[in-house]
Amino acid sequence: MDANEEGDMNAAADRPLPAILRKWIWVAVFAIAFAYVESAVVVYLRRIYFEGAFEFPIATVWENGRHVLDPLILVEMGREAATIVMLAAAGILAGASALQRFCFFMIAFGIWDIFYYVWLWVILRWPESLMTWDLLFYIPLPWVGPVITPVLIAATMTAAGSILIVLAEKGTVIRWRWYDWAIEMGCGFLLVVAFCWDWKNILRVPDGTAYSGIPNPFAWWLFLPAYLFALFYFAVRLKQTMREGRPPSAACRE
């Protein structure tokens with residue numbers, strides 16, 4: 001190694017990280033730490049309600065055709081809502097524009113969701129596999145699905161948010177139209193419907209049907225088309241955005 005190469009390496013080592021990368025790292029640190037808090041709370045709740053097990057059916061009580069909620073379930077719903085608010089707040093604080101704020105929210109949510117399962121596996125060696133069933137949320141209905149389904153969504157959110165931030169930092173003008181948001185959010189709504197599809201069985205609604213409370217085969221017929229179309233549409237629009245929103249210097253070099 002000659003003196004010039006050594007000097008270049010020293011200069012690179014002394015060069016501070018870009019501000020946007022520092023923000024990404026701190027959002028990730030927050031999400032990973034918050035995921036541990038979330039997983040610890042779930043461990044406690046499972047110990048209180050289900051003797052430490054992660055099994056179905058979940059405890060439900062019906063009186064006179066109405067679902068009777070344990071007061072602690074209402075607290076749990078509030079905790080879930082507060083979780084989303086905290087992740088959104090992290091994105092708002094990290095981002096410098098509306099798009100950056102939303103992207104950092106997606107990154108925070110995605111990393112948090114993935115590491116939630118990582119920490120549960122570290123603590124309890126659960127889930128046993130990516131196909132293990134889990135109760136994801138309880139607002140407004142129970143969301144139930146194999147662990148791989150929220151992990152896929154979380155990984156996609158993290159990647160999409162990171163890609164958009166990097167492109168914007170390089171000078172690409174991100175033109176995301178209202179119908180782009182409508183299509184992606186519509187696909188997101190269908191994913192939620194897939195998670196909630198079996199809600200009557202999960203809650204064992206007393207409508208004359210003998211529900212077991214054990215999850216039925218997941219609604220892959222709804223989840224996969226919605227997920228894949230959202231992914232495909234994002235990729236197509238991203239390519240168009242990169243072509244249309246390139247910085248002038250990049251266009252001149254061609």
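This report walks through the salt bridges, a hairpin, a helix and some backbone details of a predicted model.

## The charged network around Arg 79

Let's start with the charged side chains. The model holds three salt bridges. In one of them, Arg 79 meets Glu 38, with 2.8 Å from N to O. This pair links distant parts of the chain, since Arg 79 belongs to helix α3 (residues 71–94) and Glu 38 to helix α2 (residues 19–50), 41 residues apart. Both Arg 79 and Glu 38 are buried.

Arg 79 also has a partner within its own helix: the side chains of Glu 76 and Arg 79 form a salt bridge at 2.6 Å, N to O. Both residues sit in α3, three residues apart, or about one turn of the helix. In general, an α-helix has 3.6 residues a turn, so residues three or four places apart point the same way. Glu 76 counts as buried because its relative accessibility is 15%, and the cut-off for buried is under 20%.

## A bridge between α8 and α6

The salt bridge between Arg 237 and Asp 180 spans 3.0 Å from N to O. Arg 237 is part of helix α8 (residues 220–244) and Asp 180 is part of helix α6 (residues 178–196), so this pair ties together parts that are 57 residues apart in sequence. Arg 237 is buried, with a relative accessible area of 7%, and Asp 180 is buried too, at 0%. Turning back to the other two pairs, shared partners join Glu 38, Glu 76 and Arg 79 into one network.

## Glu 80, a buried acid without a bridge

Next along α3 comes a residue worth a look of its own. Glu 80 lies in helix α3 and is buried, yet it has no salt bridge. For Glu 80, the nearest side chain of opposite charge is that of Arg 79, 4.8 Å away. A salt bridge is counted within 4 Å, so the Glu 80 and Arg 79 pair, at 4.8 Å, is not counted as one.

What does Glu 80 touch, leaving aside residues up to four places away in sequence? Its contacts are Phe 137, Tyr 138 and Ile 139. Phe 137 falls within strand β3 (residues 133–137), which brings us to the hairpin.

## The β3–β4 hairpin

Four of the five residues of β3 are buried, so this strand is largely enclosed by the rest of the structure. β3 pairs with strand β4 (residues 143–146) in the antiparallel sense, over four bridges. Within this pairing, Leu 135 stands opposite Val 144 of β4. The two strands make a hairpin, with five residues between them.

The loop between β3 and β4 contains Pro 140. The peptide bond leading from Ile 139 to Pro 140 is cis, with omega near -10 degrees. Ile 139 is also one of the residues that Glu 80 touches.

## Helix α5

Helix α5 (residues 148–169) has 22 residues. From its first C-alpha to its last it reaches 32 Å, close to the 32 Å expected at 1.5 Å a residue. Buried residues of α5 include Thr 149, Pro 150, Ile 153, Ala 154 and Met 157. Further along, Ala 160, Gly 161, Leu 164 and Ile 165 are also among the buried residues of this helix. Just after α5, Gly 171 takes a positive phi of about 100 degrees.

## Backbone details in the loops

As a rule, most residues other than glycine have a negative phi, and most peptide bonds are trans. A few places in this model depart from that pattern. In the loop between α4 (98–124) and β3 we find Pro 127, and the peptide bond from Trp 126 to Pro 127 is cis, with omega near 5 degrees. Arg 125 is found in the loop between α4 and β3 as well. Although Arg 125 is not a glycine, its phi is positive, at about 60 degrees. Arg 125 is partly exposed, with 48% relative accessibility.

Where is Arg 204 found? Arg 204 is in the loop between α7 (199–203) and α8. Phi of Arg 204 is near 50 degrees, again a positive value in a residue other than glycine. At a relative accessible area of 28%, Arg 204 is partly exposed.

Terms used: Residues are numbered from 1 along each chain as its sequence is written. This is a predicted model: local features need pLDDT of at least 70, side-chain atom pairs count only at pLDDT 80 or more; totals for chains, interfaces and linings use all residues. Side-chain values use heavy atoms; hydrogens and water are left out. The expected span of a helix is 1.5 Å times one less than its number of residues. Buried means under 20% relative accessible area, exposed over 50%, partly exposed in between (1.4 Å probe, protein chains only). Two strands pair if DSSP finds at least two bridges between them. Lys and Arg count as positive and Asp and Glu as negative; His and the chain ends are not counted. Contact means heavy atoms within 4.5 Å.
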